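Let's take a friendly walk through a protein model together. Keep the sequence and the 3D view side by side while you read.

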Amino acid sequence: MKKSFVSKAALLALSVYALVSLSSCKGKKEADFTFKIGTSNSGLCSAPLHVAIDKGIFEEEFSKAGLKYETIEIDIMQASALTVAKKIDACLGLAGSLIPQMDNGLEISFLTGVHTGCTKFYVRSDSPYNTVADLKGKTVGFVGVQDSSTIAFQRRFYDAGLTAYGPNAEFKIAVYGMTDLPIALSNGAVEAVGLHDPVAYIAERDYGFKKILDTTEDEKLSQEYCCLTYVSSEIAKKYPEHTKAFIRAMLKASAFVQARPHEAAVLQIENGQMSGDVEENARLLKTYNYTPSVGLARKTIHDSIDQLVDMGVMQNVSDKEAFVREHFISYDDIPDSYIYNDDGTFTETKVTRIGEAVKDCCKSADDCCEDEMKDCCKHKD
């Protein structure tokens, strides 16, 4: 019987061929896929999505990677449901509204922080209540029981040592439409309301309500993102390069809004993505913090889940750390953040605190101010 021999060189060639074939198949699979981004022509908070479209940032990032994408006009309030239905693959949304849904099986993964703020809590001007804790035993109006405003209020109520969730909660929830909430407060149907801008800003101006909590100013909530980008967990696993392109684009677009809020407001109105007055919209954008970050987005998710599990809001999470790992994605070749420069370019940066970034430029003492390493590359937005 003759023995068949295969040389080491032949085996090596076959191995290389197999790897190249697998790589080509994977590359073709990525190249053939169109990444669907949900967007909405309403909502001031969606400014980075609009800027990424209007300034060609999506086009640049996906084209650079040789990948395809499309933006799909949606009702932003239905974004998570559309993601589950595979009508879109990625979007941005309010973390406080999305995280409780994840407890019930919403398979999304968070990617970046977009901005802080945009939610405020009011009482009437003649009200004796001045803090969240003062509302013990009172009725508070919200747009929904799992709205991000409700979650934010419950977390601060809980911080005050009060029962914030469940049948023994020490305050009552009343649900109204967003534009009906100011009327309910004015008429005395509720003692306080939680509102999102621009309804919050308009209600404060028109009714003279007293603000008792503002997520842009609160010591705790101002250091957490209220709005984050996310992707279908399935899509992130199958199409990581598309996901990376989306992350880079949204980091850059958020950095642009932080640096150029007035220009962002102009773009939104000029392109029919937002109504209202440019100056008023720009003023509101300036009150939020659009300094983006991957690392601090993860911290936001971690801290939120940690507290919501303790409060009993999330009852299906047995391992907090594992849950965060499953629902947050980051990549070694993606920067933590960007800064938008005056010349229209972007600089990679590390955000150590929301609103404060450290440029990645201190390679040696010679690169730093007065030959000192400390604080040489700090940039405060």
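The report below starts with the whole protein and then visits a sheet, a strand, a surface patch and some salt bridges.

## The whole protein

Before you start exploring, please keep in mind that this is a predicted model. The protein has 381 residues, and 50% of them count as buried. Its secondary structure comes to 14 helices and 14 strands, so you will find plenty of both as you turn the view.

How do the contacts spread along the sequence? Take the contacts in the protein with a separation of 6 or more: residues 24 or more positions apart account for 73% of them. As for the outside, the protein exposes about 17900 Å², and carbon and sulfur atoms supply 50% of that area.

## A sheet of five strands

Now look for an open sheet of 5 strands, which has the order 7-6-8-5-9 and mixed pairing. Strand 7 (172–175) and strand 9 (210–214) stand at the edges. Each of these two has a single partner strand, so one side of each is left without a neighbour in the sheet. On average, neighbouring strands of this sheet are turned by 30° against each other, direction ignored.

What holds strands together in a sheet? They pair through backbone hydrogen bonds, in either a parallel or an antiparallel way. Here, strand 6 and strand 7 give you a parallel example, with 4 bridges between them. To find one of the matching positions, go to Val 140, whose bridge partner in strand 7 is Ile 173. A helix joins the picture too: helix 8 (residues 199–207) packs on the sheet and touches strand 5 (119–123), strand 8 (192–196) and strand 9. The direction of helix 8 makes about 130° with that of strand 8.

## A patch on the surface

Ile 173 comes up again on the outside of the protein. Together with Val 145 and Val 175, Ile 173 makes a nonpolar surface patch of about 250 Å².

Where does Val 145 sit? Its place is in the loop between strand 6 (139–142) and helix 6 (148–159). Val 145 counts as exposed because its relative accessibility is 54%, and the cut-off for exposed is over 50%.

## Strand 10, a covered strand

Is strand 10 mostly covered or mostly open? Strand 10 is mostly covered, with 6 of its 6 residues buried. It pairs with strand 3 (residues 90–94) in the antiparallel sense over 5 bridges, and Cys 227 in strand 10 is the bridge partner of Leu 94. Strand 4 (residues 108–115) also runs antiparallel to strand 10, and 5 bridges join these two.

Ser 232 is a good residue to zoom in on. It lies in strand 10 (residues 227–232) and is the bridge partner of Ile 108. Because its relative accessibility is 8%, Ser 232 counts as buried. Leaving aside residues up to four places away in sequence, Ser 232 touches Thr 83, Asp 89 and Glu 107.

## Salt bridges

A search of the whole structure finds 24 salt bridges. One of them joins Arg 156 to Asp 218, with the closest N and O atoms 3.2 Å apart. This pair links distant parts of the chain: Arg 156 is in helix 6, while Asp 218 is in the loop between strand 9 and strand 10, 62 residues apart. Asp 218 is buried, with a relative accessible area of 12%. Another salt bridge brings together Asp 214 and Lys 211, whose closest N and O atoms are 3.0 Å apart. Asp 214 counts as buried at 4% relative accessibility, whereas Lys 211 counts as partly exposed at 30%.

Next, find the side chains of Asp 342 and Arg 260, which meet in a salt bridge (3.2 Å, N to O). Asp 342 lies in the loop between strand 11 (337–340) and strand 12 (346–353), and Arg 260 in the loop between helix 10 (240–259) and helix 11 (261–270), so the pair ties together parts that are 82 residues apart in sequence. Asp 342 counts as exposed at 72% relative accessibility, and Arg 260 is partly exposed with a relative accessible area of 25%. Finally, which residues form a network of salt bridges? Glu 61, Lys 64, Arg 248 and Lys 252 are linked in this way.

Terms used:
Residues are numbered from 1 along each chain as its sequence is written. This is a predicted model: local features need pLDDT of at least 70, side-chain atom pairs count only at pLDDT 80 or more; totals for chains, interfaces and linings use all residues. Side-chain values use heavy atoms; hydrogens and water are left out. Patches are made of residues with over 30% relative accessible area and no salt bridge: like charges are joined within 9 Å, nonpolar side chains (Val, Leu, Ile, Met, Phe, Trp, Tyr) within 5 Å. Accessible areas come from the Shrake-Rupley method with a 1.4 Å probe; for residues, only the protein chains shown count as cover. A salt bridge is a side-chain nitrogen of Lys or Arg within 4 Å of a carboxyl oxygen of Asp or Glu. Buried means under 20% relative accessible area, exposed over 50%, partly exposed in between (1.4 Å probe, protein chains only). Two strands pair if DSSP finds at least two bridges between them. Axes are lines fitted to C-alpha atoms, for helices over the stretch in contact, and angles run from 0 to 180 degrees between N-to-C directions. Contact means heavy atoms within 4.5 Å.
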